[in-house]
Every structure is written in C-alpha cells, then in structure tokens.
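Okay, thanks everyone for squeezing in. I've got one structure to walk through today, so let me put it up on the screen.

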Amino acid sequence: MTVGQARLFGKESLLAFSPSPSLDADVFLCALLAWDKTRLIFHRDENLSEEVEEHFKAWINARKTGLPVAYITGHKEFYGYDFLVTPAVLIPKSDTEVLVEKGLDFIKEKRRANEKKILTICDMCTGSGCVGLSILAECIEKKIIPYEFIPAMTLADISLVALEIARANAEKLLGPFFQKKVSLVHTNLFQSIGQSFDIIVSNPPYVPWNETEELLKDGRSEPALALNGDIDLFGNPTGDCDGLGVMRNLVKEAKDHLFSNGLLLVEAGEYNAEMTEYLFRSAGFSDTHIYKDLSGQLRVISGVKA
C-alpha cells in the first residue's frame with residue numbers, strides 16, 4: 001500500500017464514522033511515519049512498510065469505535081505544545097487555551113508593575129497538565145519573565161493516574177532545571193494543599209450529569225470523573241443538574257488559597273458561565289469577567305481576591 005492509497009483507504013473507511021475522515025487518516029499517517037503534512041502530500045507514491053500498514057489499519061478500526069484520534073496516537077497539540085494523553089485524562093481542547101492566555105496576561109501585568117517576586121500558580125484539576133505547563137513553558141520560551149523569576153507551578157488532581165501523565169508531560173516539555181519549578185499534588189480540590197497562590201487556574205468538571213452520560217455514549221472514552229460537575233466533595237451526586245457541584249466548592253476553597261489581589265481563572269460551559277460568575281461574586285471576588293472562547297461562546301471566568 002502506498003501513502004496515497006492509505007490516505008484514500010482511511011478516508012473511505014471513516015466516512016460513516018468520523019466528521020473529518022481525511023484529516024483523521026492524515027494525522028494517523030503523519031504520526032506513524034513521523035512526517036509532516038507537506039511530505040505526506042508530495043510522497044504519495046512511497047510504499048508503507050508492512051508494520052506501518054498494519055498499525056494504520058488497526059488505528060482506523062479503533063477510530064470506527066468512536067475512540068478519539070488523540071487517544072489512539074497518544075498525543076494532542078495544545079497552545080503550540082505537544083502533550084501526551086491517554087483515556088485517563090481529558091483531551092486538551094482549543095477553547096481551553098483562553099485560560100492560558102488570561103493567566104499569561106496577569107503574569108505580564110505583574111511584571112509591568114515591577115513586582116520582584118516569584119509568583120506561585122496552582123493548576124487545579126490539572127489532568128494532562130496542559131494549562132499549567134503551557135503557562136510555564138510560555139514564560140520560559142517567550143522570556144516573559146527573567147529565568148530567576150519563573151513561577152513555581154503546582155499541578156493538582158484527584159486522579160493519581162492523571163498526575164503521572166502530567167508528570168510525563170512536565171518531563172517532556174521542560175528541561176531538568178525548570179522541572180524543579182513543578183510540584184504535583186494528589187488532592188480532592190484543596191484538601192491536601194496548605195499554601196496560598198498568586199494565581200489559581202482550573203478546568204474543573206462542569207458538565208451536567210445527564211449530558212455527561214449522553215456525551216460518553218459515542219465511545220469517546222473520556223473520564224466521567226473529569227466531566228461530571230454534579231458531584232459533591234465525596235463523589236456523591238448532588239441531586240442537581242446544573243454542572244456546578246464541583247464549581248461551588250472550588251470557588252469557595254480557592255478564595256481561601258489565594259493571596260490578596262490573587263487571581264482565580266476557571267473554565268465553565270457556555271450554559272453555566274454566568275452562574276459561575278455569580279458564584280465568584282457571592283464568594284467575595286471582585287473585578288469579575290467572563291471571556292469568550294474561539295467560537296464566541298462564554299467560557300472563562302476570572303475574579304480577583306480583594
């Protein structure tokens with residue numbers, strides 16, 4: 001089978017199973033061959049090895065079950081960085097990049113104010129670590145902050161497996177020196193965290209339980225623990241269907257773990273973003289804002305601890 005034949009085979013095989021069959025096939029081939037899209041296009045007559053062809057067909061069959069491309073390849077790009085992912089963590093979404101952008105804006109604001117301190121940041125419900133590690137990597141690569149003032153980053157999650165993936169991503173994205181800036185904490189929200197932070201970012205579970213069940217029927221295999229927001233601190237159903245069970249506790253606890261003038265940034269769904277902002281104000285946060293994602297939906301809420 002040539003590269004061109006494989007692309008056509010993949011597209012035709014996935015037509016009834018994927019909204020983007022051609023793209024899926026190309027991503028699989030690029031991952032298996034370690035090629036970019038341009039090389040794929042201009043080397044369509046090159047033959048695949050037997051091993052690559054077998055892997056490609058296996059991946060096509062896995063995609064037919066509804067399993068996302070990122071879980072099959074084990075990789076997903078987020079904010080320009082390549083993250084390792086497995087079904088133990090949510091697949092990073094482009095809409096979540098707003099969390100990174102607003103976190104970086106706050107860091108730049110602190111630098112403009114000539115604050116000579118090492119900021120402390122917590123990425124709560126970190127999953128793959130994509131939000132916190134992207135903030136840290138940007139500070140380093142774009143030289144937003146002098147190296148001696150690179151923030152100290154805490155990646156926190158209730159899932160030990162997720163923390164291992166976050167650890168692997170930290171090792172993959174950061175050099176040995178900057179890996180020392182990262183701490184991983186196994187915790188149920190802030191239960192095992194005693195310190196305070198200048199910035200807390202979070203993409204917590206915020207999907208109503210009934211929508212979570214419906215979403216997972218398509219075989220996407222994302223962890224319900226990272227989606228269902230209608231649970232209490234003990235993992236029990238709240239009895240509500242607004243997706244805000246985790247958020248109510250998160251906002252309240254985050255306020256107790258922020259320094260004065262510290263920033264809380266959370267992602268919420270377009271259907272409960274306004275209610276999340278209300279939770280911010282009710283908890284005593286000031287200067288609250290709701291930011292839209294790339295598709296124009298209400299997505300990220302910010303607030304400052306007075």
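I'll go from the overall chain to the sheet, then the helices around it, and end on a few single residues.

One thing up front: this is a predicted model. So keep that in mind, and let's start with the whole chain.

The protein chain has 12 helices and nine strands. Its radius of gyration is 21 Å, close to the 19 Å that the globule rule gives for 306 residues, so we're looking at something as compact as a globular protein of that length. If you lay the C-alpha trace along its principal axes, the spans come out at about 65 × 50 × 35 Å. Of the 306 residues, 51% are buried. The chain exposes about 14300 Å², and carbon and sulfur atoms supply 52% of that. And on contacts: take the ones between residues at least 6 apart in sequence, and 67% of them join residues at least 24 apart.

Right, the sheet. It's an open one, seven strands, and the order is β5-β4-β3-β6-β7-β9-β8, with mixed pairing. Who's at the edges? That's β5, residues 182–186, and β8, residues 285–292; each has a single partner strand, so one side of each has no neighbour in the sheet. The twist from one strand to the next averages 15°.

Let me zoom in on β3. All five of its five residues are buried. Remember the general rule: in a regular strand the side chains alternate between the two faces of the sheet. Here, Thr 120, Cys 122 and Met 124 point one way, Ile 121 and Asp 123 point the other way, and all are buried. Yes, that includes the Asp.

On one side, β3 runs parallel to β4, with five bridges joining them, and Cys 122 stands opposite Thr 154 in β4. To get from β3 to β4, the chain goes through helix α7, residues 130–141, and this β-α-β crossover is right-handed. β3 is also parallel to β6, this time with four bridges. There the residue opposite Cys 122 is Ile 200. So if you want one residue to click on, try Cys 122, which has Thr 154 across from it in β4 and Ile 200 across from it in β6.

Where does the antiparallel part come in? One example is β7, residues 258–267, with β9, residues 298–305: they pair in the antiparallel sense over five bridges. In that pair, Val 266 stands opposite Ile 301.

Now the helices. α6, residues 97–112, packs on the sheet and touches β3, β6, β7, β8 and β9, with its direction at about 160° to that of β7. Over at β4 and β5, helix α8, residues 160–173, lies across both and runs at about 170° to β5.

Then there's α11, residues 245–255, which is mostly covered: eight of its 11 residues are buried. Among them are Val 246, Met 247, Leu 250 and Val 251, but also Asn 249 and Glu 253. What covers them? The list includes β3, β6, β7, α12 and β8.

Last bit, three single residues. First, Arg 112, which sits in helix α6. Buried or exposed? At 62% relative accessibility, with the cut-off for exposed being over 50%, Arg 112 counts as exposed. For a sense of distance, Arg 112 and Gly 66 are 46 residues apart in sequence and 47 Å apart in space, C-alpha to C-alpha.

Next, Thr 212, in helix α10. This one is at 4% relative accessibility, so it counts as buried. Leaving out neighbours within four places in sequence, Thr 212 is in contact with Val 207, Ala 224, Leu 227 and Asn 228.

And finally Pro 68, in the loop between α4 and α5. Why does a residue at 14% relative accessibility count as buried? Because buried means under 20% relative accessible area, and Pro 68 is at 14%. Not counting residues up to four places away in sequence, Pro 68 touches Arg 63, Ile 91, Gly 219 and Arg 220. From Pro 68 to Leu 136 it's 68 residues in sequence and 27 Å in space, C-alpha to C-alpha.

That's my tour, so over to you.

Notes. Residues are numbered from 1 along each chain as its sequence is written. This is a predicted model: local features need pLDDT of at least 70, side-chain atom pairs count only at pLDDT 80 or more; totals for chains, interfaces and linings use all residues. Side-chain values use heavy atoms; hydrogens and water are left out. Two strands pair if DSSP finds at least two bridges between them. Helices (H or I, at least four residues) and strands (E, at least two) are DSSP runs, numbered from the N terminus. Axes are lines fitted to C-alpha atoms, for helices over the stretch in contact, and angles run from 0 to 180 degrees between N-to-C directions. Contact means heavy atoms within 4.5 Å. The radius of gyration is taken over C-alpha atoms; the globule rule is 2.2 Å times the number of residues to the power 0.38. Buried means under 20% relative accessible area, exposed over 50%, partly exposed in between (1.4 Å probe, protein chains only). Accessible areas come from the Shrake-Rupley method with a 1.4 Å probe; for residues, only the protein chains shown count as cover. A crossover is right-handed if, with the strands pointing away from the viewer, the path from the first strand over the helix to the second runs clockwise.
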